[in-house]
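Work through these exercises with the structure open. Try each task before reading its solution.

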Amino acid sequence: MNLSILKPDKKNLSSFIAAGSILVFVAFIDIIFNSFFNSNITEFLPNKISYISPLLFGLLGLYLIRIEFSGNKLLDKINTNFNSSNFNALLTLLVIFTLIKYIPPLLNWFIFDANFAGNTKDDCTSSGACWVFIKVWLNRFVYGLYPDTEQWRINTAFLILFLLVGASFFVPQKLKKYIIIFLLFIYPIIGLKLISGGDFGLKYVETGAWGGLSLTFIVSAFALILCFPIGTILALGRRSQLPAIRYTSIGFIELWRGVPLITVLFMSAVMFPMFLPDGTYVDKLIRVLIAITLFEAAYMAEVVRGGLQALPKGQYEAAKSLGMGYWRMHFLIILPQALKLVIPGIANTFLALVKDTPLIFVVGLLELAGMVNLAKTNPKWLGMAMEGYVFAGLVFWVICYVMSRYSQNLEKKLKTER
Amino acid sequence: MNFKNLKLNLSNKNKDLIPQVLTVLFIILVVIYFTINAQNNMGNRGISFGFGFLSQESSFDITFSLIDYDGSHSYARAFLVGLLNTILVSAIGIFFATILGVTIGIARLSQNYLVAKSAEWYVEIFRNIPLILQIFFWYFAALRALPLTVDSINFYDISFLNVKGWYVPKFVWSNFSLFLYSIIFAVILIYLLSKYAQNQRDRYGKQIPTLYISILLFIGLPSLTFLIGGVSLSFEIPELNQLSKTVYVYKGGVSIIPELISLALALSMYTATFIAENVRAGILGVNKGQKEAAASIGLTKGQILKLVVMPQALRIIIPPTTNQYLNLTKNSSLAAAIAYPDIVLVFAGTALMQTGRAIEIISITMLTYLSLSLSISVFMNWYNKKMAIKEK
């Protein structure tokens with residue numbers, strides 16, 4: 001018996017391709033029938049073989065078309081990218097079969113069998129997801145328990161923020177400085193006042209009522225703005241020549257980096273009030289903001305320190321030889337360059353910060369994930385956990401994915417500039 | 001002239017001293033202020049600072065414990081239960097995160113377009129969803145959808161999965177200690193063998209098939225104890241018992257509670273994305289010239305991987321990966337959100353509620369995590385120093 005006839009070669013290219021394609025085609029037909037029509041076309045085979053028959057057909061087919069330098073461009077491309085060895089062929093088939101088998105049911109659950117119309121749980125009649133739940137609760141998921149009639153205040157605050165940030169990209173360099181100073185120092189106060197109210201005829205809304213996605217943004221934005229200067233000072237402190245300052249900074253940074261955020265939040269909730277004079281009450285949200293800010297500042301300090309260390313020594317020496325003092329040297333020469341170096345690191349810290357915000361549920365503040373937790377325990381909407389978490393996950397995913405993509409692009413851009 | 005110099009020196013010294021003294025003074029003042037307030041507050045509530053409560057009876061139950069525990073044990077024992085549970089879930093998480101992370105990191109570098117893309121999407125999806133949401137998803141949405149006890153999912157009649165947890169057979173050993181010693185002995189032998197093989201290779205260029213001998217030792221020695229050492233192993237398989245008309249429970253075996261499953265799942269799937277990125281960066285970080293040089297002096301593919309690529313890649317991979325292990329351990333504190341009895345839930349949650357000793361309990365909890373982190377970073381510094389490329 002001559003087995004060499006089974007070895008694919010260039011001579012009988014067309015017949016091997018034909019045989020291979022047919023086998024692969026049969027494999028696909030088998031798996032498609034199996035997953036869409038619930039029928040097994042290889043039933044005549046023994047049970048176990050029938051189970052893996054598409055894999056066997058596919059592997060054999062791919063083996064037959066694995067011909068190097070066949071001259072056919074498409075075939076060469078397929079072979080190098082999907083079919084370079086038996087193991088690779090197996091992986092390719094497994095991936096494709098898994099996709100065929102599991103993507104349609106997922107899509108059905110998400111879109112085709114899902115319920116969009118209606119206002120109550122009873123309107124969800126078909127087998128898919130009940131997006132009615134999200135539709136009804138959307139307002140709560142975005143604004144928390146904030147009163148409906150006052151929600152324009154949150155919208156206005158965020159609108160001003162977006163307009164200012166947008167404007168800072170287009171206005172000339174001179175004005176840009178003022179907009180950034182306004183954004184960093186004056187806007188936070190205006191924004192907080194607008195949302196919390198109490199003055200100027202605005203109704204006071206206690207922070208316990210804040211929640212949902214808007215709270216996620218508020219907490220992350222404030223913590224980012226506040227942790228940045230603290231982190232920078234800590235980073236400078238850790239590189240200081242003065243032992244007392246250096247060891248204080250090291251101790252502070254390592255303390256916060258060594259503990260999980262949840263214990264820090266617990267601390268702000270139960271231990272921090274014990275350290276204040278009796279009768280002083282600090283708002284829950286303020287306490288959380290302080291805790292998250294200190295926590296993230298320690299991470300920010302390490303990021304900034306990375307930038308400081310990456311700068312060549314010549315920059316320090318040049319600044320000193322010009323007669324600059326410590327602060328002038330750092331603010332005019334060192335920090336502008338160091339911070340530019342670590343923009344991706346800062347973006348990553350911010351990303352981690354956004355992903356950490358759901359933890360504020362431990363002190364009873366409910367942002368998006370917390371609101372989903374609340375909504376799913378509502379007696380009228382029991383059994384909606386899946387929809388709620390999938391929705392919250394999607395929202396967070398979009399935010400984080402866009403941000404991480406942005407930071408990666410920035411990283412690439414900065415690399416080419418240097 | 002001399003006098004002028006002296007003055008300059010003095011002022012320089014002062015310039016260094018003043019900010020330091022101010023910093024120290026500020027810290028001392030803050031600490032004094034906090035202490036006075038804390039004393040006042042505790043005085044008002046009629047409690048005094050101290051760790052005596054640790055030996056008191058805890059009188060609360062913990063749903064899942066590795067050691068003997070009930071309400072009659074002390075708070076210190078409850079702390080230990082929480083700590084062990086934290087270590088348990090971290091160890092499981094680290095184990096699976098490493099396997100998954102290394103697989104996906106290698107898959108991202110695969111020639112196969114589909115495999116590389118799937119791995120990339122895995123990383124993009126699971127890295128960008130907050131961990132706490134993933135834990136919620138597995139616990140409240142996915143595991144709650146499992147069948148009830150009576151129609152559990154059956155794995156070959158030895159293991160059962162249902163909404164109450166996962167029931168697996170329990171290992172019943174006799175003479176277990178001998179088995180354990182044999183494993184330890186085998187590990188020591190393997191270590192000595194690898195030292196010897198390295199020596200032989202460095203001196204005479206002789207290759208000893210270390211891997212095969214190691215596998216043989218590792219399997220052979222422990223199985224010898226079964227034959228001649230009187231070690232035996234049997235399994236206690238969980239059985240379905242009917243308590244009343246509608247109430248069924250599994251008796252026997254080991255039950256893994258759903259909190260543990262969802263926590264371990266979420267932790268390992270989330271951390272795996274970061275480990276995968278580390279692995280990828282490590283393998284990409286090895287210079288192509290290194291492989292070509294190794295190939296040109298006639299090493300085989302396996303030898304190149306083992307002797308040239310891996311030692312260099314590991315140097316890049318291990319430090320950030322240890323950091324991820326540490327993160328995973330810290331992240332396991334999210335267990336409190338789904339009531340898995342880890343150290344935060346048991347100690348900073350229940351015990352704090354009962355005793356009201358906020359300062360002591362939060363300090364102990366934070367110190368526990370802190371000492372864990374610091375010891376790992378000390379180890380990392382030592383490791384980095386040892387592995388740093390020794391330049392001549």
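This is a predicted model.

**Exercise 1.** List the buried residues of α10(B), then find what they pack against.

*Solution.* Step one: pick out the buried positions. They are Ile343(B), Val344(B), Leu345(B), Val346(B), Phe347(B), Ala348(B), Gly349(B) and Ala351(B). Step two: look for their partners. In chain B, the buried residues of α10(B) pack against α2 (75-108) and α11 (358-387). In chain A, they pack against α10 (261-271).

**Exercise 2.** Compare the end-to-end span of α10(B) with that of a straight helix.

*Solution.* Helix α10(B) covers residues 343-355, 13 residues. At 1.5 Å a residue, a straight helix would reach 18 Å. The end C-alpha atoms of α10(B) are only 16 Å apart, so the helix falls short of the expected span. Now step past the helix end. Just after α10(B), Gly356(B) has a positive phi of about 70°.

**Exercise 3.** Describe how α10(A) crosses α11(A), and name the residues in contact.

*Solution.* Start with the axes. Those of α10(A) and α11(A) (residues 284-310) come within 9 Å and cross at roughly 145°. The crossing is right-handed. Next, the contact. Helix α10(A) supplies Leu261(A), Val264(A), Leu265(A), Met267(A) and Ser268(A). Helix α11(A) supplies Arg287(A), Val288(A), Ile290(A), Ala291(A) and Phe295(A). Finally, sort by class: 8 residues are nonpolar, 1 is polar and 1 is charged.

**Exercise 4.** Give the domain bounds of chain A and the separation of the domain centres.

*Solution.* Domain 1 of chain A spans 3-112. Domain 2 of chain A joins two segments, 132-146 + 205-417. Over C-alpha atoms, their centres are 49 Å apart.

Technical notes: Residues are numbered from 1 along each chain as its sequence is written. Chains are lettered from A and ligands numbered from 1 in the order in which they are written. This is a predicted model: local features need pLDDT of at least 70, side-chain atom pairs count only at pLDDT 80 or more; totals for chains, interfaces and linings use all residues. Helices (H or I, at least four residues) and strands (E, at least two) are DSSP runs, numbered from the N terminus. A residue is buried if 20 or more other C-beta atoms lie within 10 Å of its own, exposed if 12 or fewer, and partly exposed in between; C-beta atoms are placed from the backbone. Two residues are in contact if their C-beta atoms, placed from the backbone, lie within 7 Å. Axes are lines fitted to C-alpha atoms, for helices over the stretch in contact, and angles run from 0 to 180 degrees between N-to-C directions. A crossing is left-handed if the near helix is turned anticlockwise from the far one by less than a right angle, and right-handed if clockwise. Ala, Val, Leu, Ile, Met, Phe, Trp, Tyr, Cys and Pro count as nonpolar, Asp, Glu, Lys and Arg as charged, and the others, Gly among them, as polar. Domain bounds come from an automatic or database domain assignment.
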